[in-house]
Amino acid sequence: MGKRVALVLAGCGVLDGSEVHEASAALVHLSRGGAQVRIFAPNIEQMHVVDHFRGSPTEEKRNVLVESARLARGNIEDLAELKVGEFDAVIFPGGFGVAKNLCSWAVDGKNCTVNELVKSTLQAFHSAKKPIGLCCISPVLAAKVFPGCEVTVGHDKNVDGRFPDAETASAIVELGCKHICKDVTESHVDATNKIVTTCAFMCKAPLHEIFDGIGTMVAEVLKLS
């Protein structure tokens, strides 16, 4: 029987929800690894809705669970129903929805608050010593919830213009965590906390490299399960 993995989404679309390619990559690698996956999202209103063609907010109101259902092909559950005992691991893809809907990092940076249900989900897996996989901006969730943990969001300097959000690494350090510099095709394993992270679209890289990096994260999560 394959490992049982919960995938937690934050909407649908990079600018206001989960990053579609990251979610898809995680699902492909989980499928290849023989995992049994169930998909969840919190039943909350999005911070705002962004017109992805124009790149600007609209007056629309959308629900994170309803929008996440697009990525899950309708097969999704309310995060409030997730029971940690039914899973071996949890994975959070990235996208600005993580920083807007699952926490307030997009507005408050390191002073952000994490959605209580998201926080309790992370704490439940951590307490059960079950691995947590995070990519792109989602490692900031671990940085807020688990002081002293080790994560990567890529590099702490904008090397060759490939890491435009390198200041995120500094904010993570300011939270008392350790940032480990990794390239886009790599992941970092915090063995003590069973937290596995990779930078994904925090790096300007070809899509196949981002796909491969997420693959290393998924492989390490399954190995720790």
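Val90 stands opposite Ile132 of strand E7 in this predicted model. A second pair lies along the neighbouring stretch: Phe92 has Leu134 of E7 as its bridge partner. E6 and E7 run parallel and are joined by three bridges. E7 also pairs with E11, again in the parallel sense, over four bridges. There, Cys135 is matched with Thr198 of E11.

**The sheet**

These strands belong to an open sheet of seven, with mixed pairing. The order is E5-E2-E1-E6-E7-E11-E10. Strand E5 (77-78) and strand E10 (188-190) are the edges; each has a single partner strand, so one side of each lacks a neighbour in the sheet. Strands of a sheet pair through backbone hydrogen bonds, parallel or antiparallel.

Which way do the residues of E7 point? Ile132 and Leu134 point one way, Gly133 and Cys135 the other. All four are buried. In a regular strand, side chains alternate between the two faces of the sheet.

Helix H8 (207-224) lies across E1, E6, E7, E10 and strand E11 (195-198). Relative to E11, H8 runs at about 175°.

**Helix H1**

H1 covers residues 20-32. Does its length agree or disagree with the expected span? At 1.5 Å a residue, its 13 residues should span 18 Å, and the end C-alpha atoms are 18 Å apart, which agrees.

The buried residues of H1 are Glu22, Ala23, Ala25, Ala26, His29 and Leu30. They cover an arc of only 160° around the axis, which puts them on the same side of H1. An α-helix has 3.6 residues a turn, so residues three or four places apart point the same way. Ser31 and Arg32, on the other side of H1, are exposed.

What do the buried residues of H1 pack against? Their partners include strand E1 (4-8), strand E2 (36-41) and helix H2 (64-71). Strand E6 (89-92), strand E7 (132-135) and helix H8 are also among them.

The N-terminal end of H1 is capped by Glu19. A side-chain oxygen of Glu19 lies 2.7 Å from the backbone nitrogen of His21. After H1 comes Gly34, with a positive phi near 75°.

**Positive phi outside glycine**

Two loop residues combine a positive phi with a buried position. Cys136 is in the loop between E7 and helix H6 (139-145). Its phi is positive although Cys136 is not a glycine. Ala200 is in the loop between E11 and H8, and Ala200 too has a positive phi without being a glycine. Buried means under 20% relative accessible area. Cys136, at 7%, therefore counts as buried, and so does Ala200, at 0%.

| Residue | Phi | Relative accessibility |
|---|---|---|
| Cys136 | about 65° | 7% |
| Ala200 | near 50° | 0% |

**A buried glutamate in H2**

Glu67 sits in helix H2. Is Glu67 buried or exposed? With a relative accessible area of 7%, Glu67 is buried. Its side chain makes a polar contact with the side chain of Arg62, at 3.2 Å. Leaving aside residues up to four places away in sequence, Glu67 touches Gly11, Cys12, Gln46 and Arg62. Arg62 thus appears both as a touching residue and as the polar partner of Glu67.

Terms used: Residues numbered from 1 in each chain as written. Predicted model: local features only at pLDDT ≥ 70, side-chain atom pairs only at ≥ 80, totals over all residues. Heavy atoms only, no water. Expected span 1.5 Å × (residues − 1). Buried < 20%, exposed > 50% of the residue type's maximum accessible area, 1.4 Å probe, protein only. Arc of directions from axis to C-beta. Contact = heavy atoms within 4.5 Å. Polar contact = N/O pair within 3.5 Å; in protein donor to acceptor, adjacent residues only side chain to side chain. Pairing = 2+ DSSP bridges. Axes fitted to C-alpha atoms, helices over the stretch in contact; angles between N-to-C directions.
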